[in-house]
Amino acid sequence: MTGTLYLCATPIGNLEDMTFRAIRILREVNVIAAEDTRRTRKLLTHFEIHTPLIRFDENCSAAVSEKILQRLQAGESVAVVSDAGLPAISDPGADLVRLAIDNDIKICPIPGANAALSALICSGLNTSKFLFVGFAPKSKKNRREFLQRLATVNATLIFYEAPHRLKNFLSEAAEVFGERQTVLARELTKVHEEFLRGNLIELAEKISEPLGEFVVLIEGQASEFVAPAEDISTVVEKFLEQGLDKKSAMRETAKRFNVSRREIYNELLAVSCKL
Ligand code: SAM
């Protein structure tokens, strides 16, 4: 009989978030595949878990996954853990899950802490529709295009971002999303946990040298913006009311709808012809 692959959550800061089940499973499995064995060793020591560890990070070759598969096929059980939170969420694990599925290995979640959902439930933003985005691309050009593609999504957007890139990220996001309601969830479950709320442009200006770990949540596009011509003119008008000249208002609207300025111009012509 083949073994089971467990995807096991670990705390994102507060050790009390380790579940009873996680402790039991980590004690019972034959081996724990960990993103950072030194870091996981500390967690295991704290909970008096003596299971052997092997390294399983994003730089591991496919050969490591194959070795884990062989152990599972030989009847051993394996738990995957990342440095914090859920494995396979912006962390290693997803490829191994696919390999296990392809080989009819039983997979079992051990739920627990996760930064994105912990931030979302305290954000005050729409929790019924959300899109987990994770890390935006590092290259400026790719990041801009990536953000623009999200501009019309009618759901709360959840990003992860490293502290040293946060200021840049917020400024660029502000250019694309404008004044949308935004929440920065900082150091969740830790001593300095805090939620900074406000409009994106103000938050981007306020943040200087952020410390700690952050989840960024941005309000989704309001659904009334999605329809074409009339909404485009509404958005242009809003920008004009904010004091932008006609050219800049059309440029900002084009960015928001991820279309060319010429298309905005044509839509405005179409609307005024109808009137
Ligand atoms: N697998 C993890 C999970 O389930 O949340 C996410 C790992 S990802 C490599 C790390 C990112 O998650 C950080 O850069 C930060 O954006 C977010 N994060 C992790 N722990 C956090 C915390 N305690 N408070 C705020 N954000 C956190």
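Student: How do you know how many disulfides there are here?
Tutor: A disulfide is a pair of cysteine sulfur atoms within 2.5 Å, and by this rule the count is zero. Take Cys8: the nearest cysteine sulfur, that of Cys108, is 9.6 Å away, so the pair fails the rule and Cys8 is in no disulfide. A word on the ground rules: this is a predicted model, where local features need pLDDT of at least 70 and side-chain atom pairs count only at pLDDT 80 or more, while totals for chains, interfaces and linings use all residues. Residues are numbered from 1 along each chain as its sequence is written, and side-chain values use heavy atoms, with hydrogens and water left out.

Student: Is Cys8 buried or exposed, and what makes you say so?
Tutor: Buried means under 20% relative accessible area, exposed over 50%, and partly exposed in between (1.4 Å probe, protein chains only). Cys8 has a relative accessible area of 0%, so it is buried. Cys122, at 36%, falls between the two limits and is therefore partly exposed.

Student: What makes a stretch a helix or a strand, and how many of each does the protein have?
Tutor: Both are DSSP runs, numbered from the N terminus: helices are H or I with at least four residues, strands are E with at least two. That rule gives eleven helices and ten strands. Thr40 is in one of the helices, α2 (residues 37-46).

Student: Why is Thr40 classed as it is by accessibility?
Tutor: Thr40 has 5% relative accessibility, so it counts as buried. Leaving aside residues up to four places away in sequence, Thr40 touches Ala34, Leu53 and Val81, where contact means heavy atoms within 4.5 Å.

Student: What makes you say the buried residues of α5 line one face of the helix?
Tutor: In α5 (residues 115-123), the buried residues are Ala115, Ala116, Ala119, Leu120 and Ser123. Seen down the axis of α5, they fall within an arc of 125 degrees, so they line one face; the arc is that of the directions from the helix axis to the C-beta atoms. As background, an α-helix has 3.6 residues a turn, so residues three or four places apart point the same way. The buried residues of α5 pack against β6 (130-135), β7 (156-161), β8 (181-186), β9 (194-199) and β10 (214-218).

Student: Why is Asn114 called a cap of α5?
Tutor: A side-chain oxygen of Asn114 lies 3.4 Å from the backbone nitrogen of Ala116, at the N-terminal end of α5. A polar contact is a pair of N or O atoms within 3.5 Å; within protein, one must be able to donate a hydrogen and the other to accept it, and residues adjacent in sequence count only if both atoms are side-chain atoms. The distance is inside that limit, so the pair qualifies. Just after α5, Gly124 takes a positive phi of about 85 degrees.

Student: Which residues come nearest the ligand?
Tutor: A residue is near a molecule or strand if one of its heavy atoms lies within 4 Å of it. Of the 19 residues around the ligand, Ile89, Asp91, Asn114, Tyr160 and Phe214 come nearest.

Student: How do you know that the ligand has polar contacts?
Tutor: A backbone N or O atom of Ile12 lies 3.0 Å from a ligand nitrogen, a side-chain N or O atom of Glu213 is 3.3 Å from a ligand nitrogen, and a backbone N or O atom of Phe214 lies 2.5 Å from a ligand oxygen. The protein covers 91% of the 570 Å² of accessible area that the ligand has on its own. Such areas come from the Shrake-Rupley method with a 1.4 Å probe; for residues, only the protein chains shown count as cover.

Student: And what makes Glu187 count as buried?
Tutor: Its relative accessibility is 13%, so Glu187 meets the buried rule. Glu187 sits in the loop between β8 and β9, and a polar atom of its side chain lies 2.8 Å from the backbone nitrogen of Glu213.

Student: How does Asp104 compare with the definition, and where is it?
Tutor: Asp104 has 69% relative accessibility, so it counts as exposed. Asp104 is in the loop between α4 and β5 (106-110), with phi near 55 degrees, a positive value in a residue other than glycine.
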